[in-house]
Amino acid sequence: MTPADRANTDDRAFRARERLLASLAIEVTDQRVLATMRAVSRERFVKPGDESYAYEDEPLSIGYGQTISQPFIVAIMTAALALDGTERVLEIGTGSGYQCAILARLAREVVSVEVVPELRARAERVLRDLGCTNVTILPAGDAPGAPERAPFDAIIVTAAAPAIPPSLVAQLADRGRMVIPVGTRAEQDLLLVTRTSTGIEQRSLGGCRFVPLVGPEGFDARPNEH
Ligand code: SAH
């Protein structure tokens, strides 16, 4: 690439990023979330060769049947957690590590769990290269999440569950918030769940489509079961 080609590519990427941010700002008003999404380069997390699509508002394949979430969904899920920088956050489904990098800038500490070892290794490498030092990526254990590291002020589940998993509610601190897609394999409702002293409160943030959460309290590995 000549310096002129490089300048053109950089300019195109800059304009694509600004266009994406402008469209996110229509629905998302949390300025910390918007500033963080401007600051974190999504092209670092997509598959090599897909960089030119990194600022389209679309999910993209990252291999192993998994996807990096659509930026709009990342923005509304993150905003729903109402982070002020003091929190310990749990993510289920590290995937590319993109959502994790956003959370790392907005919270004190992030623990992220990923069931596919290759994705875990790739995300660890990218996050290390970007200098995220407050993130720990763990393999999936016998129960969803990271019960041994609980309680968490916020939990974000980036894979679809058939119901709100009781063992994740148990990992929430009192007044802790969880965003989670709940429904069938084909479509889900994005729920914001708040733990209270007497149980949980929940409200819907709208429809969405995520890859399935596998294992306990998720969908099992057989397709079309639900
Ligand atoms: N947050 C990701 C998108 C993740 S896609 C990003 O920003 O790129 C959902 C991920 O959840 C996949 O990588 C999948 O392997 C993982 N997953 C599915 N079930 C899981 C489980 N029970 N525990 C941990 N990870 C799980």
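What follows is a set of questions and replies on how terms apply to this predicted model.

The model is predicted: local features need pLDDT of at least 70, side-chain atom pairs count only at pLDDT 80 or more, and totals for chains, interfaces and linings use all residues. Residues are numbered from 1 along each chain as its sequence is written, and side-chain values use heavy atoms, with hydrogens and water left out.

Me: What makes a residue part of the set that surrounds the ligand?
Reply: A heavy atom within 4 Å of the molecule. There are 23 such residues; the closest are Glu-91, Gly-93, Ser-96, Glu-114 and Val-214.

Me: Why is the pair between Glu-114 and the ligand called a polar contact?
Reply: A polar contact is a pair of N or O atoms within 3.5 Å; within protein, one must be able to donate a hydrogen and the other to accept it, and residues adjacent in sequence count only if both atoms are side-chain atoms. An N or O atom in the Glu-114 side chain is 2.6 Å from a ligand oxygen. That pair therefore qualifies. Glu-91 has a polar side-chain atom 3.1 Å from a ligand nitrogen. For Thr-158, a polar side-chain atom is likewise 3.1 Å from a nitrogen of the ligand.

Me: How do you know how much of the ligand the protein covers?
Reply: From accessible areas by the Shrake-Rupley method with a 1.4 Å probe. On its own the ligand has 590 Å², and the protein covers 97% of that.

Me: Which classes make up the shell around the ligand?
Reply: The shell has 12 nonpolar, nine polar and two charged residues. Ala, Val, Leu, Ile, Met, Phe, Trp, Tyr, Cys and Pro count as nonpolar; Asp, Glu, Lys and Arg as charged; the others, Gly among them, as polar.

Me: How do you know that Cys-208 is in no disulfide?
Reply: A disulfide is a pair of cysteine sulfur atoms within 2.5 Å. The closest cysteine sulfur to that of Cys-208 is in Cys-100, 20 Å away, so too far for a bond. Cysteine pairs give zero disulfides in the structure. Cys-132 is in none either; its nearest cysteine sulfur, in Cys-100, is 7.1 Å away.

Me: What makes Pro-151 and Tyr-64 stand out?
Reply: Most residues other than glycine have a negative phi, and most peptide bonds are trans. The bond from Ala-150 to Pro-151 is cis, with omega near 5°. Tyr-64 has a positive phi, near 60°.
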